[in-house]
Amino acid sequence: MKTLEILYIEDNPSDIELTLRALKKHNVANSIQIIKDGEEALEYIFATGRYADRDVKEKPKVILLDLKLPKVGGLEILKRLKADENTRAIPVVVLTSSREEKDMIESYNYGVNSYVVKPINFDSFSEAVSALGLYWLLINESL
Amino acid sequence: MTRFKIIQDLSIKNKIIIIILSIIFLIQSIGFTFIAIWDIKRIKSEIQTNLVLNTKLVANNCVVPLTFGDDQQATEALLHLKNIKTIEMACLFDKDGTIFATYPETLNKKDIPIFTEQQNSILEDAYFHIYEPVLFQNEKYGTLYIKANSKPLRIAKRRIIITLILLSIVLDILAIFLAIRMQHYISKPIINLKNHFDKIARNHDFSQRIEKRNNDEVGHLYDGFNNLINQISIKQEERKIAENELHLSEEKYRILIKSTPLPLCLVDNDGNIVYTNDRFTKIFGYFNEDIPTLNDWWIKAYPDKKYREWVLNTWNDAVEEARIEGGDIESIEYTVTCKNGSELIIIIAGITTDEGVLATFIDVTERKFAEIEIRKLSKVFLEATVPTIIENLDGIVQEMNEQAIKEYGYSRAELLGRSIKLLVPEEKHIQADELLKLCRNGKAVRNIEGLRRKKDGTEIPVLVSLSMLTDESGSPIGISSTASNITELKKAETEIKKINENLEERVKSRTAELESVNKELEAFSYSVSHDLKAPLRAVVGFSQILKEDYGTEMDMESNRYIGLIKDNAENMGALINDLLNFSRMGRKELQKSQIDLSAIVQRVKSELQADVQDREISIKIMNLPSINADENLIYHVMLNLMSNAIKFTSKLKNAIVEVGYINQDNENIFYVKDNGIGFNMKYAEKIFDVFQRLHSIEEFPGTGIGLSIVQRIIHKHEGKIWVESEMNIGTTFFFTI
């Protein structure tokens, strides 16, 4: 099994498709796991529930996280990730439409590694996504 | 006369000396002359006697020769004469007068004297001539003549004279010496007296006495003198004391007049103001120099000509009357204008004297105003629309106003002397007593709710206020009691209470509504942030993808449509972003700090570098002062204003954008100026409204929210922002922080 490179938690299918296209276009990611709701994401990360069989030690290189998710919100996921010793080291990039200061401050308080506001313009969006993919996957040396 | 005058002017000492010496000289001269004459006579007769005696001796010796005619023997006899040196010649005549013998033997014929019978002896031509008869037994035999020089007499004379002169000199010296010595006894005490006089005259020191040494007339003179000086010095002392007392008393009166709390002014008969005291200057401000004459006073103190004339006539009449009747000048009230222009009401009175007029001034301005005040107040009291009663400290009615009579229905006579409780229902008597006590103890009793009962028995709700009335010294003399009827007020109050109760509920529900609306709004903007942008992104993204993947298969028109979809969606995204920013700005707390505006402007300039890359544009930035503001927000302001300036100059070839400030009235006014297309100033207010655009999107792109945000930021900083613009000349945005 190939090592998981990106865990992408996002519920908007259009954004998913656009993101995947952007990443593919720049040949950034080969292995992307997409999860569309917050609860499922937590189960996946901590290998519980539906993902109980998953090897918990197999960690993604980076997590792309939307803030507005069904059931469990992105900020809650971020909080749980950064509170757990086993998952704390995984870089988390918040990828959201929200420019709200409240969201940004909370994200950084929980220890987010990057906060990216999705641009409307597709070129800019595409650039932003591939740039952060490049950075976190290729340039950043993770533990 | 002059000689005597000189003597008269001589000092006593010299006078005495001269007198003594003169007397001595006189006596001495007389005495010595007498002695000299007498002595010389004696010597002369001695010499003569001697000569006669010798002549007689020789004549005796000549008797024989003559008798015998023996001339030889006669000559020998004559020769004896040679022992007497003075005898120069001798002749012996016989009885007939013929020369018988001579001495010396040979004798010149012409020297022979004339014979004379007479016996005599004379002194002639400095020679003694002696004729002596030669007698024997009373018979005359001849005559002997002897001629002798008077040398011894001359010598004796000289000796006497010299001796006397020497003696004179010695005596004179002695006399001078003595005179000088002796004059002391007389002149010294007198000189002493005179010196004493001089000293006293010079020093005016009458304390010295002259010491008495002798008991003579001068001594008495000294006594008299000392006595006199004593008298003078006593008189002097008395005068000094009197003068001192006079001076003290003058000084006392001078100070009294100068500082008396009553303004005074002294005018002489010529109309000159000769004196004004301190209080005069204090009250009116005029110094004596300001008003040297009465005329100056009239003009300055009564600048109004008509009033001045009245004052002049009134005053002059009053003075005239006082002169005729010899009394005081009548006290009359005048309005005096002070040096500083203020007006005082002054009662001027005074007295007339031979020298002029002494005027006194009494400032009654305050009293006058107080009177007016009291009159006003009593009018207020009497005509007040609130029933007011004046009671004594025990609550006994002493006075009341019209309104009290009208309101309570009692007559004045019915109320006077009765307790205030007459007007209070029984159940409120305790309260009335307590209020009275409070007021007596100096506590404020203001608008206390109470009740009043009218004569007809109806009760009215009132607000009672009690005030202590005091005399000048502050001791209480009575109580003023007002009771305003609050029947209407009470009704209104009940109404208001009801309304208020409703209002409170309404405010509560409104607040709750507002809160929920606010929450909804917040949620709305949050969801706009998230949800509204996602579909836009999808529209933009998929349009792009469509163009990328199938652009070549579609015709031009299709491609254009796709482009339009994308552009509009992007625009909408920008709009949403700006709107969110705008609403965020309203909620955000300012994070003020001292920020370097120049640095911010430089940052903005580099940010905007991309927009001006291919343009001919000069961006001038002044050195700006630091300001106390929110850095992020000010950055936003500058970004917006400068990008606007760059945007609206984009069609110019030589665009100039200038960022600077001016200091006006200690306030820094910052500005961003461009020479762009400008706009009509009638839209100057609109330009800050949300979504307000003055140009089409095609001409100058933008959402129309930027300036609203800028204005909001400036207002949040309690600053001002305004714009000046002219079509095709340029636009300048000014703001203060």
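The exercises below work through chain B of a predicted model.

**Exercise 1. Describe chain B as a whole: how many helices and strands are there, and what share of residues is buried?**

Step 1. Chain B holds 19 helices and 22 strands.

Step 2. Its length is 737 residues, and 35% of them count as buried.

Step 3. The accessible surface is about 45,400 Å², and carbon and sulfur atoms supply 55% of that area.

Step 4. Among contacts with a separation of 6 or more, 53% join residues 24 or more positions apart.

**Exercise 2. State how many disulfides the chains contain, and decide whether B:C91 and B:C439 are buried or exposed.**

Step 1. A disulfide requires two cysteine sulfur atoms within 2.5 Å. By that rule, the count over all chains is zero.

Step 2. A residue is buried when its relative accessible area is under 20%.

Step 3. B:C91 has a relative accessible area of 0%, so this cysteine is buried. B:C439 has 1%, so this one is buried too.

**Exercise 3. Find which residues a cis peptide bond joins, and where B:P104 lies.**

Step 1. Most peptide bonds are trans.

Step 2. The cis bond here links B:Y103 to B:P104, with omega about -10°.

Step 3. B:P104 sits in a loop of chain B, between strand 2 (99-103) and strand 3 (120-124).

**Exercise 4. For B:N138 and B:N666, give the sign of phi, the location and the exposure.**

Step 1. Most residues other than glycine have a negative phi.

Step 2. B:N138 has a positive phi of about 55°. For B:N666, phi is also positive, near 65°.

Step 3. B:N138 belongs to the loop between strand 4 (127-136) and strand 5 (139-149) of chain B. B:N666 belongs to the loop between strand 19 (655-664) and strand 20 (667-674) of chain B.

Step 4. Exposed means over 50% relative accessible area. B:N138 reaches 75% and therefore counts as exposed. B:N666 reaches 76%, so this asparagine is exposed as well.

**Exercise 5. Describe the largest nonpolar core: how many residues has it, and which helix gives the most to it?**

Step 1. In soluble globular proteins, nonpolar side chains tend to be buried together.

Step 2. The largest core has 42 residues, and those with the most contacts inside it include B:L597, B:M638 and B:F735.

Step 3. Helix 18 (residues 631-647) of chain B gives the most to this core, namely nine residues.

Step 4. Leaving out residues up to four places away in sequence, B:M638 touches several residues, among them B:L597, B:I600, B:V659 and B:F735.

Step 5. A second, separate core has 33 residues, including B:I43, B:V63, B:A74 and B:F100.

**Exercise 6. Name some buried residues of helix 19 of chain B, and say which residue with a positive phi follows this helix.**

Step 1. Helix 19 covers residues 706-716, and its buried residues include B:L707, B:V710, B:I713 and B:I714.

Step 2. An α-helix has 3.6 residues a turn, so residues three or four places apart point the same way.

Step 3. After helix 19 comes B:E718, with a positive phi near 60°.

**Exercise 7. Which residues make the nonpolar surface patch of about 790 Å², and how accessible is B:L174?**

Step 1. The patch is made by B:L167, B:L171, B:L174, B:F177, B:L178, B:M182, B:Y185 and B:I186.

Step 2. B:L174 is part of helix 5 (residues 151-203) of chain B.

Step 3. With 46% relative accessibility, B:L174 counts as partly exposed.

Notes
Residues numbered from 1 in each chain as written. Chains lettered and ligands numbered in written order. Predicted model: local features only at pLDDT ≥ 70, side-chain atom pairs only at ≥ 80, totals over all residues. Heavy atoms only, no water. Helix = DSSP H or I, 4+ residues; strand = E, 2+ residues; numbered from the N terminus. Buried < 20%, exposed > 50% of the residue type's maximum accessible area, 1.4 Å probe, protein only. Contact = heavy atoms within 4.5 Å. Areas by Shrake-Rupley, 256 points an atom, 1.4 Å probe, with all protein chains shown as cover. Core = buried A, V, L, I, M, F, W, Y, C linked by side-chain atoms within 4.5 Å. Patch = residues over 30% accessible without salt bridge, like charges linked within 9 Å, V, L, I, M, F, W, Y side chains within 5 Å. Salt bridge = Lys/Arg side-chain N within 4 Å of Asp/Glu carboxyl O.
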